[in-house]
Amino acid sequence: MDASLSALTAISGPAVFFDGVTSMRRTVTVDLGLTALEIRAGAGETLAEWPYGALAAYAAPDGVVRLGRAGSPMPARLEIHDGGLAAALQARAGRIRQFGAVEPRTRVKVVGWSLAAVASALLVAMFGVPAVVARVAPLVPVRVEQRLGASVDSQIRSWLDTGLHDRFECGQGPDTPASRAAFDKLVGRLEAVAGLPLPVRAAVVRRTEANAIALPGGRVYVFEGLIAKAETPDELAGVIAHEMGHIAHRDGVRAVMQAAGLSFLFGMLIGDFSGGGAAVIAMRTVLQSSYSRETEAAADAFGAELIVKLGRDPRALGTILTRIAGTSGPNAKILLDHPEARERAAAIEAIARTAAPAQAGGAPLLSAAEWTALKRICRAGPEPAPPATPPEAARGSGRGAAPGGR
Amino acid sequence: MSELALVPPPVPPPPIPPPHVPPLRLVPPPIPLRLAATGCFTGRMRAFRRIILRGALLQVVTFGIYRFWLTTDARRFLWANTEIGGDSLEYSGTAMELFLGFLIAIALLVPVYVLLFVGSLELGLVSQVSSMGAFAFLAVFGQYAYYRARRYRLTRTVFRGIRFHQSGSALAYALRSLVWGVITVLTLGLAYPWAQAGLERYKLAHTHYGGWDGKFAGSGTRLFARGIGLWLLLVATLVVVSVIGTHFIDGSALVRVTTRAGAKDPKAGLEVVKLIGLGVGVVVVAGGAYTMLQAIVTRWWLEGLRIGPLAVATKLRKRTIIGAYLRGFLYAALMMIVLSIVISLAVGTIAVALQPPDDVGQLVMVGSAVIAYLVMALGVWVLYQVAVKLRVWRLAVDSISLAGFEAIVHVRADMSLPSSAVGEGLADALGAGGI
């Protein structure tokens with residue numbers, strides 16, 4: 001550089017310099033040249049010359065400009081505490097790249113692309129996952145489903161079993177053979193016409209909720225509370241037939257695959273690989289309940305047709321669904337696992353109307369004596385029923401609330 | 001050896017002043033010789049609060065992806081405002097590095113995740129071995145990731161133009177921490193002090209500032225002596241709780257409360273009150289013990305730090321750390337009370353003023369519960385970062401002094417280079433990350 005020109009334009013000021021080789025702290029003089037700044041020791045020797053284009057500003061406390069050379073392996077640093085010099089530097093060097101600082105533009109980009117990623121993941125979750133699962137689930141061999149079922153079963157049992165009774169399953173004791181036989185007969189009659197890909201293993205279990213569940217692998221648990229609410233064999237048969245629908249449609253395998261797919265998808269997005277985070281669980285719950293509404297409707301249709309095949313009235317399923325819904329109170333639609341009882345009853349009604357003329361008038365599924373025995377399946381047995389949950393009381397309140405249901 | 005030691009060390013020849021030294025050099029150096037340097041935190045709480053609050057909101061909007069930028073922002077602030085002997089630290093990492101580390105971690109973890117999932121579906125022995133193996137694997141892998149993440153942080157820490165770095169093997173560290181973890185569990189926590197000391201020794205022995213090596217001088221026995229009271233307190237609490245639980249609370253009455261008839265039973269209600277009282281007592285004791293432990297360990301750790309010839313001393317008072325935790329806890333409690341009042345007022349107003357139909361009403365309830373959960377989780381997180389973590393950091397920095405600091409001018413850089421952020425990504429994906 002021409003000496004006279006540099007003398008004309010030079011601006012100088014004090015700074016602190018670390019050369020990146022030793023940790024010596026040097027008080028230096030900085031000369032701002034035309035294209036580069038020059039770092040001079042107090043005695044006048046030049047320690048370094050950094051072109052403006054190669055400068056980067058690093059994280060520093062307020063009021064300090066900390067400069068280095070971008071891309072240099074040695075973190076040599078020049079610290080300018082002098083406000084006048086910092087301002088002069090900015091005037092001369094223009095905008096210096098802030099290394100590692102989050103700039104507003106970056107922030108907008110991050111937010112925008114994250115929203116895009118979430119939208120894309122949601123679309124995949126809503127349409128992609130069910131589509132893939134629907135195609136893959138039928139291909140899962142029965143043997144694999146049964147193994148999966150056994151592993152799900154032990155987990156579900158440990159959740160459901162309150163441990164208050166000696167036996168979780170009802171009808172296992174030596175003095176309830178009639179109850180057990182009646183239940184097995186009911187299940188057997190349904191299974192005979194269902195044409196399922198794998199054998200059903202059904203049991204009544206001690207849970208007070210009016211519910212029944214089907215697991216992958218053909219396991220069906222009918223809850224004690226449902227037996228209490230059922231007023232006729234047809235109602236109970238309707239529910240069991242509905243669960244057989246789940247087995248026929250391989251819904252257990254589908255549910256497991258969907259849950260895994262959703263945890264994976266959102267877990268990956270959120271960076272929570274265990275899939276146990278609240279956000280992951282919340283999204284999974286909402287999405288799964290939207291999947292399951294269709295699944296439930298399909299299982300209803302299967303169940304209703306099964307009852308029609310036996311020559312009985314499928315409306316009984318709708319009746320008991322309405323009764324249960326009436327007592328359990330209204331639910332927010334979005335979180336509802338089962339479509340609203342009234343809609344379901346209406347759909348079943350439609351199936352009944354088309355089938356009724358042809359096949360009505362079959363023999364009762366159970367005799368009155370068998371039905372009475374079945375109703376007592378959880379009451380007799382090695383252990384007396386707990387005094388706090390008298391089935392009579394539960395049944396009474398169920399009946400009372402039924403007409404008030406929607 | 002003793003004979004050798006008796007021999008007087010060779011006297012170094014008196015330095016001959018080189019002739020070219022200018023007379024200026026004979027004048028004492030302008031900077032006074034400091035025997036000990038002190039730490040000083042120069043950041044303002046308001047600035048940090050702004051970073052954390054804005055970051056928390058952006059995290060919600062971006063479903064957590066903003067966390068790399070937030071972490072970088074927070075570290076830049078913390079490092080830059082930590083001043084030791086008049087010079088501040090510098091964090092030279094970038095959010096993009098962290099994000100990249102996260103992407104690499106995903107690529108590495110996806111096959112592992114799939115394997116673990118398939119293994120958990122298998123029956124019997126395979127399933128049990130697989131789930132136990134998964135637990136052990138994730139625990140060890142978490143420590144592996146932690147060690148690598150620590151390497152990233154150290155190589156992104158610059159002081160006086162020299163980088164920190166870390167040698168050692170992440171796998172060796174993870175195995176050590178596994179062994180110490182097993183011993184700690186088997187001894188019911190009694191081995192915890194020695195485990196901490198052993199792991200800190202490994203970490204510090206492999207920590208370097210330029211050509212200086214770190215060292216951890218804290219002793220497990222000393223930590224044990226300081227903490228055994230806490231351990232006894234916890235054991236005593238457990239004994240008292242189990243005695244009260246089995247002898248003074250009627251378990252069958254509690255079971256009855258869950259049923260319809262039992263809910264109206266005043267005696268059962270009394271049992272519930274007793275149980276809640278017991279639970280609150282346990283939480284208070286456990287929280288207090290945790291806070292005490294944090295204070296004891298923080299102080300012990302600071303005192304044990306050595307780097308090159310420098311030794312850290314601290315005048316940190318345990319009660320100031322406990323105060324920071326207590327303040328954070330009180331703020332959180334206050335926030336929850338205010339928030340629940342606001343939300344119940346809002347829901348109540350909607351219910352009375354609009355009389356929405358059942359479905360909509362339910363949606364409002366669920367929606368407000370979700371919002372309440374989000375706001376509380378975020379609020380507690382922000383409070384914890386600002387009122388507890390920053391305060392403890394500030395207290396710790398302000399409390400330290402380094403004896404022999406004049407030697408700092410002799411550190412020379414070595415040829416270490418910044419490490420990749422894969423460790424940070426893994427630690428993040430395994431839930432072991434943090435600011």
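Two strands pair if DSSP finds at least two bridges between them. Strands (E, at least two residues) and helices (H or I, at least four) are DSSP runs, numbered from the N terminus.

This is a predicted model, in which local features need pLDDT of at least 70, side-chain atom pairs count only at pLDDT 80 or more, and totals for chains, interfaces and linings use all residues. Residues are numbered from 1 along each chain as its sequence is written, chains are lettered from A and ligands numbered from 1 in the order in which they are written, and side-chain values use heavy atoms, without hydrogens and water.

**Exercise 1.** Work out how β2(A) and β3(A) pair.

*Solution.* Locate β2(A) at residues 26-32 and β3(A) at residues 36-41. They run antiparallel, with five bridges. Check one position: T29(A) faces R40(A) of β3(A). Then take the connection: three residues make the hairpin link.

**Exercise 2.** Find the bridge partner of L37(A) in β4(A).

*Solution.* Start with β4(A), residues 46-51. Five bridges pair β4(A) with β3(A), in the antiparallel sense. The partner of L37(A) is W50(A). Now inspect the turn. Four residues lie between the two strands of this hairpin. One residue in the turn, G44(A), has a positive phi of about 115 degrees.

**Exercise 3.** Profile chain B by its elements, burial and contacts.

*Solution.* Count the elements: 13 helices and 11 strands. Next, burial (under 20% relative accessible area, 1.4 Å probe, protein chains only). Of 435 residues in chain B, 39% are buried. Last, contacts (heavy atoms within 4.5 Å). Among those in chain B with a separation of 6 or more, 77% join residues 24 or more positions apart.

Conventions:
Buried < 20%, exposed > 50% of the residue type's maximum accessible area, 1.4 Å probe, protein only.
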